[in-house]
Amino acid sequence: LYQCDWSSDVCSSDLEEGNYDGGASFTIDAVTAGKARLLVCLDDNDGGLEEIRRRYALEVEAADEAIGEVLRRVKSRGNWDQTLVIVTSDHGEALGRFGHVGHVEALYDRYVHVPLIVKPPRSWAWKPGRVRDDLVALSDLMPSVTGKLGMLSAAGLTGRNVFDRSRRRGERILLETHAPQSRRTRFALRDERSKLIWTPEDDAW
């Protein structure tokens with residue numbers, strides 16, 4: 001039995017136990033504000049968890065091919081040396097770890113540690129293949145790009161310029177996941193050595 005994310009477009013009044021999403025059976029686990037949490041089960045004939053992992057791998061392969069096509073077109077037009085490319089993701093996936101499938105239930109590294117790959121324009125004169133171990137939040141990306149390009153950032157941005165070499169170690173980032181998408185709201189504070197996770201409902205650390 002695998003837990004899916006809260007459905008934002010399926011009303012509980014419209015659901016009856018049966019088939020959902022390509023034939024997988026489901027039951028309604030809970031309802032909040034008219035939205036239903038679905039527990040989806042792929043039976044043994046579907047391959048269960050291995051089938052979920054297989055499908056996820058296919059999605060990764062499709063995304064990789066799509067990114068490759070974009071990069072090939074940039075190169076074919078002669079714009080590669082002038083182009084800034086950033087590849088990242090908004091979250092990871094449990095894929096059976098910690099007892100469920102999804103990405104909203106916890107703040108472990110499997111959920112929140114994602115790639116960040118930057119291909120700078122040639123004019124930046126960066127050393128190829130350079131690896132940095134800074135802590136970076138997705139909210140840092142826009143102020144980083146606008147700062148590096150000398151553009152004005154939008155008002156109210158909370159991120160920092162990660163391309164600024166003057167950044168100091170010891171900085172922290174805030175992580176969070178919220179009900180009803182997650183069963184419980186959780187917050188985490190992360191530095192370069194450790195992570196502290198707090199569940200307000202239980203006042204548990």
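Visitor: Why does Tyr-111 count as buried?

Guide: The structure is a predicted model, and the values discussed here are computed from it. Tyr-111 has a relative accessibility of 1%. Buried means under 20%, so Tyr-111 is called buried.

Visitor: What makes Tyr-108 partly exposed?

Guide: Its relative accessibility is 38%. Buried ends at 20% and exposed begins over 50%; Tyr-108 therefore counts as partly exposed.

Visitor: How many aromatic pairs are there, and what makes the pair of Tyr-108 and Tyr-111 tilted?

Guide: Rings pair if their centres lie within 6.5 Å, and by this rule the count comes to eight aromatic pairs. The rings of Tyr-108 and Tyr-111 are 6.2 Å apart, centre to centre, with 45 degrees between the planes. Stacked pairs are under 30 degrees and edge-to-face pairs over 60, so 45 degrees makes this pair tilted. Ring pairs also bring in Phe-98, and link Phe-98, Tyr-108 and Tyr-111 into a cluster.

Visitor: Why is the pair of Trp-124 and Phe-163 called edge-to-face?

Guide: The centres of these two rings are 5.6 Å apart and their planes stand at 65 degrees. Edge-to-face requires over 60 degrees, so the pair of Trp-124 and Phe-163 earns that name. Trp-124 lies in the loop between S6 and H3, and Phe-163 in the loop between H3 and S7, so the pair ties together parts that are 39 residues apart in sequence. Both Trp-124 and Phe-163 are buried.

Visitor: How do you know that Arg-54 and Glu-51 form a salt bridge?

Guide: The closest N and O atoms of Arg-54 and Glu-51 are 2.8 Å apart. A salt bridge requires such atoms within 4 Å, so the pair qualifies. It is one of 15 salt bridges in the structure.

Visitor: Where do Arg-54 and Glu-51 lie?

Guide: Both belong to helix H1 (residues 48-76) and are three residues apart, about one turn of the helix. An α-helix has 3.6 residues a turn, so residues three or four places apart point the same way. The relative accessibility of Arg-54 is 43%, so Arg-54 is called partly exposed. Glu-51, at 14%, is buried.

Visitor: Which salt bridges link distant parts of the chain?

Guide: Among them is the pair of Arg-122 and Asp-81, at 3.3 Å from N to O. Arg-122 is in the loop between strand S6 (116-119) and helix H3 (141-148), Asp-81 is in the loop between H1 and strand S5 (85-88), and 41 residues separate them. Arg-122 has 62% relative accessibility, over the 50% cut-off, and therefore counts as exposed. Asp-81, at 32%, is partly exposed. Glu-105 and Arg-183 also meet in a salt bridge, at 3.2 Å from N to O. Glu-105 is in the loop between S5 and helix H2 (109-112), while Arg-183 is in the loop between strand S7 (173-177) and strand S8 (186-190), 78 residues apart. Glu-105 counts as buried, at 5% relative accessibility.

Visitor: How do you know that Glu-93 has no salt bridge?

Guide: The nearest side chain of opposite charge, that of Arg-110, is 9.1 Å away from Glu-93. A salt bridge needs 4 Å or less, so 9.1 Å does not meet the rule. Glu-93 is nevertheless buried, and is found in the loop between S5 and H2.

Visitor: What does the side chain of Glu-93 make polar contacts with?

Guide: The side chain of Glu-93 makes a polar contact with that of His-91 at 3.5 Å. Another polar contact joins Glu-93 to the side chain of His-103 at 2.8 Å.

Visitor: Which side chains of S7 are buried?

Guide: Ile-173, Leu-175 and Thr-177 point to one face and are buried, whereas Leu-174 and Glu-176 point to the other and are not. In a regular strand the side chains alternate between the two faces of the sheet.

Visitor: What makes S7 and S8 a pair of strands?

Guide: Five bridges join S7 to S8. At least two are needed, so these strands pair. They run antiparallel, and the bridge partner of Glu-176 in S8 is Phe-187.

Terms used:
Residues are numbered from 1 along each chain as its sequence is written. This is a predicted model: local features need pLDDT of at least 70, side-chain atom pairs count only at pLDDT 80 or more; totals for chains, interfaces and linings use all residues. Side-chain values use heavy atoms; hydrogens and water are left out. Helices (H or I, at least four residues) and strands (E, at least two) are DSSP runs, numbered from the N terminus. Buried means under 20% relative accessible area, exposed over 50%, partly exposed in between (1.4 Å probe, protein chains only). Lys and Arg count as positive and Asp and Glu as negative; His and the chain ends are not counted. A polar contact is a pair of N or O atoms within 3.5 Å; within protein, one must be able to donate a hydrogen and the other to accept it, and residues adjacent in sequence count only if both atoms are side-chain atoms. Rings of Phe, Tyr and Trp (its six-membered ring) pair if their centres lie within 6.5 Å; planes under 30 degrees apart count as stacked, over 60 as edge-to-face and the rest as tilted.
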